[in-house]
Structures are given as C-alpha cells and as structure tokens.
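The exercises below ask you to read a structure step by step, with a worked solution after each task. Please look at the sequence and the model before you begin.

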Amino acid sequence: MSKPVFTLHFDGANVRTEADFHEAVSEQTGIEWYGANLDAFCAMLVSVIPCAWGAFRIQWDQYDLSMPHEGQRKTLILGIIKKAECHVPDRMLGARLTFSEPVFEPWDDPFVRSQEARDDE
C-alpha cells in the first residue's frame, strides 16, 4: 500500500504576508531550520521536501486573497512553484490554485468558450 502524497496547503485568507507564507511552509513540513526566504523555498521544493516526504503537491486556496500588499513577491513564489513543476515533475506532482472570486465572467471564460466551440462542431 502506498503512502498518501504529502500536500502543502495554503489558505489565502490566512497568508496575508510573505512571512505568513514561510511560516506555513515551516509548520507544515516540520523543517525547523527552513530559511524563510525565496531561495530557501526553492531548495525546499526541489530537494528538502522530496527527501523528507517523497513526492508532493501544493494546494493554494483563495490564492487571490494572499499577500494583498505584496503582489510582486506572491508572483515570484508562484514562479518558483511553476519552475519546480517543470524541473522536478517526478517529485512535485503539481500545484492547484483556487480563487475566492471567478477570474472570468462565464461569458468571457476562454475555457468555456473553447468547450462550446468544440460542442458546436
């Protein structure tokens, strides 16, 4: 029987600052010596978490509510996550972000429009 996949889970309503984000990483991984900066987070994704927990994924709910005054830092964190997905897909099984509000109106959602176009064929 395989062990469950370790998931780093963030709730944007509780991640108001970059410090909150790094605190959540440290608490959830149990890695007390985590450096709490972007370089350390990158190292966590590509080597530390996989060595400690095996393959893992990230779930970030209400991403849009996270770090409301640190948009550039939030974007850098997302970039690190996406880079890890590309570079170590055998270790990082994916990241899923949800939003508190729809990003697109139903009539303007490109996914819905492409599905409708396929249905019309």
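**Exercise 1: Placing Met 44**

Met 44 has its place in helix H2, which covers residues 38-53. The model is a predicted one.

Task: Decide whether Met 44 is buried or exposed, and find which residues Met 44 touches beyond those up to four places away in sequence.

Solution. Begin with the relative accessible area of Met 44, which is 2%. Buried means under 20%, so Met 44 is buried. Next, setting aside residues up to four places away in sequence, Met 44 touches Val 25, Thr 29, Ile 31, Tyr 34, Ile 49 and Pro 50. As a last step, look along the chain to Ala 84, 40 residues apart from Met 44, where the two C-alpha atoms are separated by 10.0 Å.

**Exercise 2: The largest nonpolar core**

Task: Find which residues of the largest nonpolar core touch the most other members, and which element gives the most to this core.

Solution. The largest nonpolar core has 27 residues, and Phe 10, Phe 21, Phe 41 and Leu 45 are those that touch the most other members. Two or more residues each come from strand E1 (6-11), helix H1 (18-29), H2, strand E2 (56-61) and helix H3 (71-87). H2 gives the most to this core, with seven residues. As background, nonpolar side chains in soluble globular proteins tend to be buried together.

**Exercise 3: Classifying two aromatic pairs**

Task: Determine whether the pair of Phe 6 and Trp 53 is stacked or edge-to-face, and then classify the pair of Phe 21 and Phe 41.

Solution. There are seven aromatic pairs by the rule used here. In the pair of Phe 6 and Trp 53, the ring centres are 4.4 Å apart with 15 degrees between the planes, and the pair is stacked. This pair links distant parts of the chain, since Phe 6 is in strand E1 and Trp 53 in helix H2, 47 residues apart. Phe 6 counts as buried at 11% relative accessibility, whereas Trp 53, at 33%, is partly exposed.

For Phe 21 and Phe 41, the centres are 5.0 Å apart and the planes stand at 80 degrees, so this pair is edge-to-face. Phe 21 lies in helix H1 and Phe 41 in helix H2, so the pair ties together parts that are 20 residues apart in sequence. Phe 21 is buried, with a relative accessible area of 0%, and Phe 41 is buried with a relative accessible area of 0%.

Terms used: Residues are numbered from 1 along each chain as its sequence is written. This is a predicted model: local features need pLDDT of at least 70, side-chain atom pairs count only at pLDDT 80 or more; totals for chains, interfaces and linings use all residues. Side-chain values use heavy atoms; hydrogens and water are left out. Helices (H or I, at least four residues) and strands (E, at least two) are DSSP runs, numbered from the N terminus. Buried means under 20% relative accessible area, exposed over 50%, partly exposed in between (1.4 Å probe, protein chains only). Contact means heavy atoms within 4.5 Å. A nonpolar core is a set of buried Ala, Val, Leu, Ile, Met, Phe, Trp, Tyr and Cys residues joined through side-chain atoms within 4.5 Å. Rings of Phe, Tyr and Trp (its six-membered ring) pair if their centres lie within 6.5 Å; planes under 30 degrees apart count as stacked, over 60 as edge-to-face and the rest as tilted.
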